[in-house]
Amino acid sequence: MNLWRSIRRQAADFIVYLALPLASVFLPAAWSRALLARSSNISWVLSTEAEAAWQGARQYVDTGVEKAFKARWKQVEMLDARDTYMMSFGRTGAVLGEVACDSDLEIVRDRVLIGMHWGPSISILKLLQVAGLSPALPYRKPEREIFRIRPFYYMFVSLAARHIVKTMKDRAVPIGGAGKVLREMMDQPGSVIVVMDAPPKAGKSTLKAQVLGKKARFESGFPKILADNHKEYVFYALNLERGGLVRKKLELMGPFSSSDAQEFVEQYAGFLDRHLSSDPAQWRIWHVAQQFWE
């Protein structure tokens, strides 16, 4: 049985992280979106990951129908992989043409964008770069151990890391001492992107705020940097829109400023809460939810 599960997982990874996104490079964008939408309804595709997301989410929020939740969660994951391949192989225009935005991107110029592990969001970097906004982002280098367990997934995360570095060059900041670099970058021209909803590392100082009616913990380092620098910030979310078209919409809120780290964290927690309540399947990290809430 374990052998069969392993074979099924490798087959799913091959489809999701290599075959479908690579085929999408050569297909009309609308065709590839339709193909992903159909594939997300195949029960064994990303079944382990989707099950972990659903089990994590149902402890904290109304997930609705299990099948629909899992299909939507898989659509987000699969669309992010597809977008990464398309932008890496010369189809950036097709990907950006699928993103709607009601706000003027100029509001993020030389400000900090505060986001979440949310939606099919890889294209935010190219959106900002094309608009001349000089994005900067902390990113995680692929762990070599992943290759042994999930080689096709490792190929995807390696491609995503190369895409990040190629897009931002010296403004791509490897995680590990990124705080000092980001503090310096906030005094320079350009838009700095920070994702705030990762579970805090052991031993790190934290601030707490209510999310979905429970106390959540946020690392305090960046909120204090933001408050000390009196830097203006904008909340963003790149959402997978409802309906069958599998398109995206960039949501921007702000700009804001705060000289109090706790006040900022509570404001951010409210932004996160609204999204998790309204469309929980778009949160990418439900499998580590118990590390995030007290």
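This is a short walk through the sheet, the cores and one pocket of a predicted model.

Let me start with the sheet. It is open and has seven strands. The order is S1-S9-S8-S2-S5-S3-S4, and the pairing is mixed. On average, neighbouring strands are turned by 25° against each other, ignoring direction.

Which strands stand at the edges? Strand S1, residues 99-101, and strand S4, residues 172-174. Each has a single partner strand, so one side of each has no neighbour in the sheet.

Now go to strand S5, residues 191-195. Four of its five residues are buried, so S5 is largely enclosed by the rest of the structure. On one side there is strand S2, residues 112-115, which runs parallel to S5 and is joined to it by four bridges. Look at Ile-114 in this pairing: its bridge partner in S5 is Val-194. S5 also pairs with S3, again in the parallel sense, over two bridges. There, Ala-136 stands opposite Val-192 of S5.

One step further out, strand S3, residues 135-139, pairs with S4. That pairing is parallel too, with three bridges. Leu-137 has Ala-172 in S4 as its bridge partner.

A helix packs here as well. Helix H4, residues 66-88, lies across strand S8 (233-240) and strand S9 (248-256). H4 runs at about 105° to S8.

Next, the cores. As background, nonpolar side chains in soluble globular proteins tend to be buried together. The largest nonpolar core here holds 70 residues. Which of them touch the most other members? Ile-114, Phe-218, Trp-283, Trp-286 and Trp-293. We met Ile-114 a moment ago, as the bridge partner of Val-194. By element, helix H11, residues 261-278, gives the most to this core: eight residues.

Take Trp-293 on its own. Set aside neighbours within four places in sequence, and its contacts include Trp-283 and Trp-286. Tyr-60, Val-211, Leu-212 and Leu-276 are also among them, and so are Lys-214 and Lys-215.

There is a second, separate core of 26 residues. Among its members are Val-99, Leu-105, Leu-127 and Ala-172. Ala-172 is the residue that partners Leu-137.

Last, a pocket. The second largest one holds about 200 Å³ of space. Fourteen residues line it, and Arg-5, Ser-6, Arg-9, Gln-10 and Thr-48 are the closest to its centre. Which elements give two or more residues to the lining? Helix H1 (2-24) and helix H3 (47-57). H1 has the largest share, with seven residues.

Key: Residues numbered from 1 in each chain as written. Predicted model: local features only at pLDDT ≥ 70, side-chain atom pairs only at ≥ 80, totals over all residues. Heavy atoms only, no water. Core = buried A, V, L, I, M, F, W, Y, C linked by side-chain atoms within 4.5 Å. Buried < 20%, exposed > 50% of the residue type's maximum accessible area, 1.4 Å probe, protein only. Contact = heavy atoms within 4.5 Å. Pairing = 2+ DSSP bridges. Axes fitted to C-alpha atoms, helices over the stretch in contact; angles between N-to-C directions. 1 Å grid on protein atoms, 1.4 Å probe; cavity = no way out; pocket = protein on both sides within 12 Å on 5 of 7 lines; lining within 4 Å. Points joined across faces, edges and corners; volume = space filled by probe spheres on them.
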